[in-house]
Amino acid sequence: MAAPMNSGVNTDHTKNFLVNKLLEGLRRSGKSKDTRAPITLPILTQLPRALICICFSSYEAKLFHAAFTLAFFGFLRVGEIALSNCKSNSSTVLSISDISIQNSMLKVKIRFSKTDQFGKTTTLYIDSVPSSVVCPVNAMKAYLSVRPAASNILFCHSDCKPLTQYQFSSVLKKCLKFLNLPTQQFKSHSFRIGAASLASMKNIPPNVIQSWGRWKSDAYRGYIHIWIVGSSIVYWAQRRALSRPVGRNLGLEKYGVQIRWCGIRGMKWSQLLTRIQRDLRNFPCPQYLVIQLGSNDLVSRASGVLRWEMKLDLLSLSKLPNTTVVWSCILPRLFWYGARSQVAVDNVRKRTNREISSYILKLGGRVITQSDLSDKETGCYRFDGIHLSDIGNDIYLNALQGALESFLIKDIPAFGKDRTGELVIKYEK
């Protein structure tokens with residue numbers, strides 16, 4: 001019989017064990033946003049310099065250098081190399097007997113992990129990178145040459161006390177701060193994310209990446225974030241992409257890519273920074289930021305002022321951590337509404353594309369020329385002469401897909417053919 005409301009009996013059902021478990025399940029079923037950014041190879045190569053400056057001894061610098069490089073090249077979780085605290089069970093982390101160097105190759109035996117709770121053991125073989133400052137074999141050799149013999153745990157301080165996860169994360173944060181990099185989005189897991197991202201960009205098959213990282217699920221996918229931001233061109237391209245067999249990620253999932261589309265109809269250049277700043281509060285910085293914007297400003301804005309504003313904003317965006325800015329050239333139109341001279345506006349478009357393309361390359365960005373779309377091909381446009389038809393959108397999406405794939409694999413600075421008199425790109429590699 002139910003207790004009366006005024007009986008004094010505790011009727012707070014949220015304290016019930018089963019209810020608590022149901023609520024926990026609901027919380028887990030909600031897909032949270034992964035805001036962790038990857039430690040990329042360029043960032044990794046800067047860490048040894050930072051360690052020398054922030055560590056109080058050369059021993060500590062060698063300790064963290066070896067731990068960081070092993071975490072990256074071994075796809076390791078921090079719980080596999082460092083204890084949660086000094087009193088934790090030391091059998092769950094790497095011991096000195098788990099490491100050996102054979103023929104310039106590092107052999108690592110993982111006895112316990114998140115996906116191996118029963119100690120079935122996995123053995124990793126990590127090649128040396130002789131010409132690199134972050135060679136995992138050389139880093140481990142340097143550390144082992146000074147490591148005290150008394151401790152059984154692999155990573156320990158000079159007084160034999162074990163390395164903890166807090167210390168690992170704290171020193172990483174100090175390194176990033178020393179290098180003037182933001183610390184909020186980088187975590188200990190960022191080494192593992194960075195390794196998976198690099199493997200994807202090197203065209204390593206997904207099943208091999210999954211094996212290297214010892215993933216049981218497809219959690220390793222989606223570590224490369226790409227944003228495509230712009231006006232109605234992006235809005236309609238996304239809708240068209242959803243109806244195509246390759247889908248919203250343009251068939252790039254095999255490289256670990258997740259594309260976030262942000263198309264706002266009627267969007268103008270002045271809205272760009274505000275929009276990106278807002279999105280960065282909820283999402284991690286993308287590895288590639290594709291910008292398809294500016295066509296709605298050509299008629300209403302003074303061209304010189306517009307280009308000056310574009311360059312200032314692109315300079316700001318180029319400083320985002322671990323982000324490559326991609327300029328997708330302003331597309332031609334069959335008709336520029338409100339223009340006194342159609343030819344004059346199209347000439348402004350061409351000049352803008354030339355200047356911004358050259359500028360973005362100087363900043364280390366990338367360019368997509370979109371040269372396959374022409375105002376001479378009327379079938380590529382809708383009846384309004386502005387928006388792309390299904391055929392036009394297919395051409396546009398094919399160019400995006402090809403460009404992003406080339407940037408990921410070949411690391412080329414520009415994608416697409418130049419047209420005489422329309423776009424001249426000069427760059428130095």
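**View 1. H387 sits in the loop that runs between β8 (366-368) and α12 (390-409).** This is a predicted model, so take the close-ups in that spirit. The H387 side chain pairs up with the side chain of D384 through a polar contact of 2.7 Å. Skip the residues up to four places away in sequence, and H387 still touches S232, W236, C380, Y381 and R382.

**View 2. Here is the largest nonpolar core, a set of 46 residues.** F68, L70, F155 and F191 are the ones with the most contacts inside this core. Two or more residues apiece come from α2 (41-54), α3 (58-73), β2 (105-110), β3 (122-127), α4 (136-144) and α5 (165-178). The top contributor is α3, which gives ten residues. As a general point, nonpolar side chains in soluble globular proteins tend to be buried together.

**View 3. Zoom in on F155 and its contacts.** With neighbours within four places in sequence set aside, F155 is in contact with L63, A66, A67 and L70. The rest of its list reads I81, M140, Y143, P162 and L163.

**View 4. A second core, separate from the one above, holds 29 residues.** Among them are W227, I276, M310 and A339.

**View 5. Pull back to the whole chain, with its twelve helices and nine strands.** Of the 429 residues, 48% are buried. Take the contacts with a separation of 6 or more: 70% of them join residues 24 or more positions apart. The chain's accessible surface is about 21700 Å², and carbon and sulfur atoms account for 53% of that.

Conventions: Residues are numbered from 1 along each chain as its sequence is written. This is a predicted model: local features need pLDDT of at least 70, side-chain atom pairs count only at pLDDT 80 or more; totals for chains, interfaces and linings use all residues. Side-chain values use heavy atoms; hydrogens and water are left out. A nonpolar core is a set of buried Ala, Val, Leu, Ile, Met, Phe, Trp, Tyr and Cys residues joined through side-chain atoms within 4.5 Å. Buried means under 20% relative accessible area, exposed over 50%, partly exposed in between (1.4 Å probe, protein chains only). Helices (H or I, at least four residues) and strands (E, at least two) are DSSP runs, numbered from the N terminus. Contact means heavy atoms within 4.5 Å. A polar contact is a pair of N or O atoms within 3.5 Å; within protein, one must be able to donate a hydrogen and the other to accept it, and residues adjacent in sequence count only if both atoms are side-chain atoms. Accessible areas come from the Shrake-Rupley method with a 1.4 Å probe; for residues, only the protein chains shown count as cover.
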